[in-house]
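Subject: Structure for you to look at

Hello,

Here is the structure I promised, with my notes below it. Please open it alongside the text.

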Amino acid sequence: MVNLKQQYLKIKDEINFEIDSVLESSQFIKGQKVSEFESQLGEYLNVKHVISCGNGTDALMISLMALNLKPNDEVICPSFSFISSAEVIALLGFRPVFVDVDYENFNVTAQNIIQAISNKTRAIIPVHLFGQGAEMESIMEVASDYNLAVVEDNAQSLGAEYTFKDNTTKFLGTIGDIGCTSFFPTKNLACYGDGGAMFTNDDYLAERLRLIANHGMKQKYRNECIGVNSRLDTLQAGVLKVKLKYLDKYIAERRKVAEFYNKELEDIKQIIVPKQQCHSTHTYNQYTIKVLNGKRDNLKQYLSENGVPSQVYYPIPLHKQQAFSSLARSGNEMTNAERLCGEVLSLPMHTELSVEQLQYIVSQIKTFFQ
Ligand SMILES: *Cc1c(COP(=O)(O)O)cnc(C)c1O
């Protein structure tokens, strides 16, 4: 599904230089590279504050902690997604309220969110799934109408840009009150271990996020609030400084792969290729097709037998996960989420796919459907 070794070899000298310099300095925690990386990423995203932390799940948790919610307050999140967003809501003693997603672009819609709002709703976590954005303009309008905070889960769509009705653009993750991302090795901007970050243009929230990520401590051993220990390693910050310079190139390479898949697969009647939305660019963290007529598992099996990896992101909607059986509430009918779990299949997608590999992958898919 990914080829991290090949990508590393192409930038090996730069990466090793950064890693060596951290080893030489022996400053492994905080250190200059972490703040340098934060300001470089802030510049790239055109956002005022970037606060790094231990991973993407922590970023979501710390963001929710910064919002001063009360026990049993409700937070709306998609049912078709990775577990992190719903998990941290429940972990902090709030109530996840699941909503259905759009069948076409896999993301939450403003309409579904409105249906799920109760007098306990305090926040929304839209997840920008697979590389492109949810309809943020409408979601921000709903948030403002109902006085809700918005925390964007942008772990999969860092670098994607959102276009508003007036044609202005912003990077996903910089539109809501707080944006979160992950630098897990398979994400578009990835380190060689765990890492994450939060973005905000709000000075007060930025201070809260920094405080909470560091044991509630601004001054040493003066704990102002309950926090956590969540930080980006200096070594990972060194790696990320190098890879940030290549992020646009990496995204362009992913788009090329997607273009090839689209062209080769769009004529197969039993497949729906991902649709590029007009309000958001696509960074193709995943290239996810829908396989119709119950053929998904057979196709996956056939590809696997012929040496082509593929993955089901995600096989079970969150509202059906045992972990949430007593904690959560469903905000509306989950027709699309349930259908998608049976149809989606993600194909190999990374920056190192060769033309030969791509041709082989699509030829296997075509043979299966012949
Ligand atoms: C990867 C991912 C996360 C979690 O990131 P970690 O760094 O693994 O904690 C959260 N949400 C989504 C949508 C993700 O893809």
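Strand E3, residues 95-99, pairs with E12 in the parallel sense, over 2 bridges. One of the residues to look at here is Phe98, whose bridge partner in E12 is Ser330. Bear in mind throughout that this is a predicted model.

That pair belongs to an open sheet of 8 strands. The strand order is E1-E9-E8-E5-E4-E2-E3-E12, and the pairing is mixed. Which strands stand at the edges? They are E1 (49-53) and E12 (329-330). Each has a single partner strand, so one side of each is left without a neighbour in the sheet.

Further along that order, E2 and E4 sit next to each other. E2 covers residues 74-78 and E4 covers residues 121-124. The two pair in the parallel sense, over 3 bridges. Ile76 has Ile124 of E4 as its bridge partner. E4 also runs parallel to E5 (residues 149-153), and 2 bridges join them. Ala123 is matched there with Ala149 in E5.

When you follow side chains along these strands, one general point helps. In a regular strand the side chains alternate between the two faces of the sheet.

There is another open sheet, of 3 strands. Its order is E10-E11-E13, with antiparallel pairing. E10 (271-272) and E13 (344-347) stand at the edges. Each of them has a single partner strand, so one side of each lacks a neighbour in the sheet. E10 pairs with E11, residues 287-291, in the antiparallel sense over 2 bridges. Within that pairing, Ile271 has Val291 of E11 as its bridge partner.

Now the ligand. Where does the ligand sit? It is in the largest pocket. The residues around the ligand are Asn55, Gly56, Thr57, Phe82, Ser84, Val127, Asp153, Ala155, Gln156, Ser182 and Lys187. By class, this shell has 3 nonpolar, 6 polar and 2 charged residues.

Three polar contacts deserve a look:

- Gly56: a backbone N or O atom lies 2.7 Å from an oxygen atom of the ligand.
- Asp153: a polar side-chain atom lies 2.7 Å from a nitrogen atom of the ligand.
- Lys187: an N or O atom in the side chain is 2.7 Å from an oxygen atom of the ligand.

How much of the ligand does the protein cover? On its own, the ligand has 380 Å² of accessible area, and the protein covers 91% of that. Asp153 also links the two parts of this note: E5 spans residues 149-153, and Asp153 is among the residues around the ligand.

Two backbone details remain. Both are in loops. A cis peptide bond joins Tyr313 and Tyr314, with omega at about 10°. Tyr314 lies in the loop between helix H11 (296-305) and E12. The other detail is Asn147. Its phi is near 55°, a positive value in a residue other than glycine. Asn147 is found in the loop between helix H7 (136-146) and E5.

To find your way around, start at the ligand in the largest pocket. Then go to Asp153, and trace E5 back to its parallel partner E4.

Best wishes

Key: Residues are numbered from 1 along each chain as its sequence is written. This is a predicted model: local features need pLDDT of at least 70, side-chain atom pairs count only at pLDDT 80 or more; totals for chains, interfaces and linings use all residues. Side-chain values use heavy atoms; hydrogens and water are left out. A residue is near a molecule or strand if one of its heavy atoms lies within 4 Å of it. A polar contact is a pair of N or O atoms within 3.5 Å; within protein, one must be able to donate a hydrogen and the other to accept it, and residues adjacent in sequence count only if both atoms are side-chain atoms. Accessible areas come from the Shrake-Rupley method with a 1.4 Å probe; for residues, only the protein chains shown count as cover. On a 1 Å grid over the protein atoms alone, a cavity is a set of points where a 1.4 Å probe fits but cannot get out, and a pocket is an open set with protein on both sides within 12 Å along at least five of seven lines; lining residues have an atom within 4 Å of a point. A molecule sits in a cavity or pocket if more than half of its atoms lie within 2 Å of its grid points. Ala, Val, Leu, Ile, Met, Phe, Trp, Tyr, Cys and Pro count as nonpolar, Asp, Glu, Lys and Arg as charged, and the others, Gly among them, as polar. Two strands pair if DSSP finds at least two bridges between them. Helices (H or I, at least four residues) and strands (E, at least two) are DSSP runs, numbered from the N terminus.
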